[in-house]
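With the model open in your viewer, set the display to show side chains as sticks and keep the selection panel at hand. The tour below moves from one charged pair to the next.

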Amino acid sequence: ETGAPAIGAGSGSPVVSGGRVASILLTSSIAQVPAGSGARDAPAPALAAGYSYTASVCLELPESPSNVDAGTFLTELTLLGSDTSAAYSGNAGQPQPLFTSARPFVLRYRSAQLRYLSNLVFLLPLVFGLMEEKQTHCAPLADTFHNKRDQPIRQIRVALSSCEVQIYSATLRLRTSFGVAGSLMHSWFFTCAAAGVAALMGLYGLLVLAFQLRDGMAHGDAVATTGGLWGSTRGLGEERDDADR
């Protein structure tokens, strides 16, 4: 099932020995592959070094007899890179497997009676092409992997263990792991921005209030001191008047 744990996660040796293979070359610029060119390597932008990523794959599978007969098959993810530290040994240009993970996929079973009733209920959408007899299966292939600076990932390879499997489309999703605070700001950008601005405004208000209280206390002390001196001076003058009298 698609929810089964990964097989061979983190190992450097491939799990799938045969079947279909699709490679994604990671380059510094985005390029387009001409349709119908038959190229096996699809260019994609390079991954940022020093960050962790999660990988998941979605397969759109038709409910064809070939896929039903294929049964359970493996989908393998292999990350390849060139070790820059091996430049002195002469192996820097050769791709080295850095991470390998595989998960089993299988079509959900539907009996002949259930398929007959389903096709009968959705007859018109199926005839007009609004619906198709297909299933979409998504599963994570790598919970987390780190793109090292000294061993950057140069190529991503996705392979199927069976050549009989028919696929409408396949999507590989890579998501950057920023941690708790980074993920929160990335997912709730405007909310975090509003909360940050409100916090700064509150801090500014507290600082202004603290300075005003300090100035008020200093002004009160000055008034009290001036009043005390005036009272003592006035008392001395009254004593002189009494002596003259």
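Begin by selecting Glu132 in this predicted model, a residue that is partly exposed, with a relative accessible area of 46%. Add Lys134 to the selection, and you have the partner with which Glu132 forms a salt bridge, the closest N and O atoms being 3.9 Å apart. Lys134 is itself partly exposed, because its relative accessible area of 34% falls between the 20% and 50% limits of that class.

Move next to Arg214 and Asp215, whose side chains meet in a salt bridge with an N to O distance of 3.9 Å. Colouring this pair by accessibility separates the partners by class, since Arg214 counts as exposed at 52%, whereas Asp215, at 45%, counts as partly exposed. Before leaving, return to the earlier selection and include Glu60, as salt bridges that share partners join Glu60, Glu132 and Lys134 into one network.

Now select Arg110 and Glu63, which form a salt bridge whose closest N and O atoms are 2.8 Å apart. This pair links distant parts of the chain, 47 residues apart: Arg110 lies in the loop between β6 (96-105) and α2 (112-121), while Glu63 lies in the loop between β4 (52-62) and α1 (65-70). Which of these two partners is buried or partly exposed? Glu63 counts as buried, with a relative accessibility of 12%, whereas Arg110 is partly exposed at 25%.

To finish, widen the selection to every salt bridge in the structure, of which there are 5.

Conventions. Residues numbered from 1 in each chain as written. Predicted model: local features only at pLDDT ≥ 70, side-chain atom pairs only at ≥ 80, totals over all residues. Heavy atoms only, no water. Salt bridge = Lys/Arg side-chain N within 4 Å of Asp/Glu carboxyl O. Helix = DSSP H or I, 4+ residues; strand = E, 2+ residues; numbered from the N terminus. Buried < 20%, exposed > 50% of the residue type's maximum accessible area, 1.4 Å probe, protein only.
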